[in-house]
Amino acid sequence: MTTGLLFVCLGNICRSPLAEGVFLHQAKARGVLDRFDVDSCGIGHWHVGAPPDGRAVATAKRNGVHLPSIGRQVDPTTDFERFDLLLAMDASNRHALLRLGAPEDRVKLMRSYDPTLAAAEEHELEVPDPYYGGPDGFDRVFAMLERACGGLLDGLAG
Ligand code: 4NP
């Protein structure tokens, strides 16, 4: 049995592809990749079939991380059964998943797994959308996702 993890953001070209790539990279390094069924998707449909944003690819590449994502929209008819955890990048993504009928106990904010944010309020647990900002936004998001993926793996794979 594998654990299904779906990383979810708005466009599926910046944050969730980075989260997916970082998670796969860390899981591989820990030798536990085969324990997981991992994918990413967007709430919106604009970037279906598209590779990740070039700035996300560049940030990942500098850190030795490959981003396998091809853009797709969330599919409530299959995703809410297939995946054990729906990991939303921000509160808006989380609420969109709930409105689409996702089971509440499976919908989590990605940064709630960052052990350094254990005492944080919900509004402090968002991964900010770097799409309209400069390249440094992608580096900040990458560092947030490294910490969150580490905490997620600690909890799921020891
Ligand atoms: P993401 O960023 O949700 O992190 O992939 C965005 C990318 C594209 C758009 C919005 C957010 N967009 O509106 O096209």
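An oxygen atom of the ligand lies 3.2 Å from a polar backbone atom of Asn12, in a model that is predicted. A backbone N or O atom of Leu10 is placed 2.9 Å from an oxygen atom of the ligand, and an N or O atom in the side chain of Asp129 is 3.0 Å from a ligand oxygen. Taken alone, the ligand exposes 350 Å², of which the protein buries 91%; such accessible areas come from the Shrake-Rupley method with a 1.4 Å probe, and for residues only the protein chains shown count as cover.

The ligand sits in the largest pocket. On a 1 Å grid over the protein atoms alone, a pocket is an open set of points with protein on both sides within 12 Å along at least five of seven lines, and a molecule sits in a pocket if more than half of its atoms lie within 2 Å of the pocket's grid points. The residues around the ligand, each with a heavy atom within 4 Å of it, are Cys9, Leu10, Gly11, Asn12, Ile13, Cys14, Arg15, His47, Asp129, Tyr131 and Tyr132. This shell divides into 6 nonpolar, 3 polar and 2 charged residues, where Ala, Val, Leu, Ile, Met, Phe, Trp, Tyr, Cys and Pro count as nonpolar, Asp, Glu, Lys and Arg as charged, and the others, Gly among them, as polar.

Asn12 is found in the loop between β1 (3–9) and α1 (15–29); helices (H or I, at least four residues) and strands (E, at least two) are DSSP runs, numbered from the N terminus. Asn12 counts as buried, at 0% relative accessibility, with buried meaning under 20% relative accessible area, exposed over 50%, and partly exposed in between (1.4 Å probe, protein chains only). The phi of Asn12 is near 60°, a positive value in a residue other than glycine. Most residues other than glycine have a negative phi.

His47, which also belongs to the shell around the ligand, is found in the loop between β2 (36–42) and α2 (54–62) and is partly exposed, with a relative accessible area of 22%. The C-alpha atoms of His47 and Ile13 are separated by 7.1 Å, although these residues are 34 residues apart along the chain.

The following side-chain pairs make polar contacts, a term for N or O atoms within 3.5 Å of which, within protein, one must be able to donate a hydrogen and the other to accept it, while residues adjacent in sequence count only if both atoms are side-chain atoms.

| Side chain | Partner side chain | Distance |
|---|---|---|
| Ser40 | Asn12 | 2.9 Å |
| Ser40 | Glu20 | 2.8 Å |
| Asp90 | Arg15 | 2.9 Å |

Ser40 has its place in strand β2 and counts as buried at 1% relative accessibility. Asp90 is found in the loop between β3 (85–88) and α4 (91–99), and Asp90 is likewise buried, with a relative accessible area of 13%; its partner Arg15 is one of the residues around the ligand.

Ala88, in strand β3, is buried with a relative accessible area of 0%.

Residues are numbered from 1 along each chain as its sequence is written, and side-chain values use heavy atoms, with hydrogens and water left out. In this predicted model, local features need pLDDT of at least 70 and side-chain atom pairs count only at pLDDT 80 or more, whereas totals for chains, interfaces and linings use all residues.

Methods. On a 1 Å grid over the protein atoms alone, a cavity is a set of points where a 1.4 Å probe fits but cannot get out, and a pocket is an open set with protein on both sides within 12 Å along at least five of seven lines; lining residues have an atom within 4 Å of a point.
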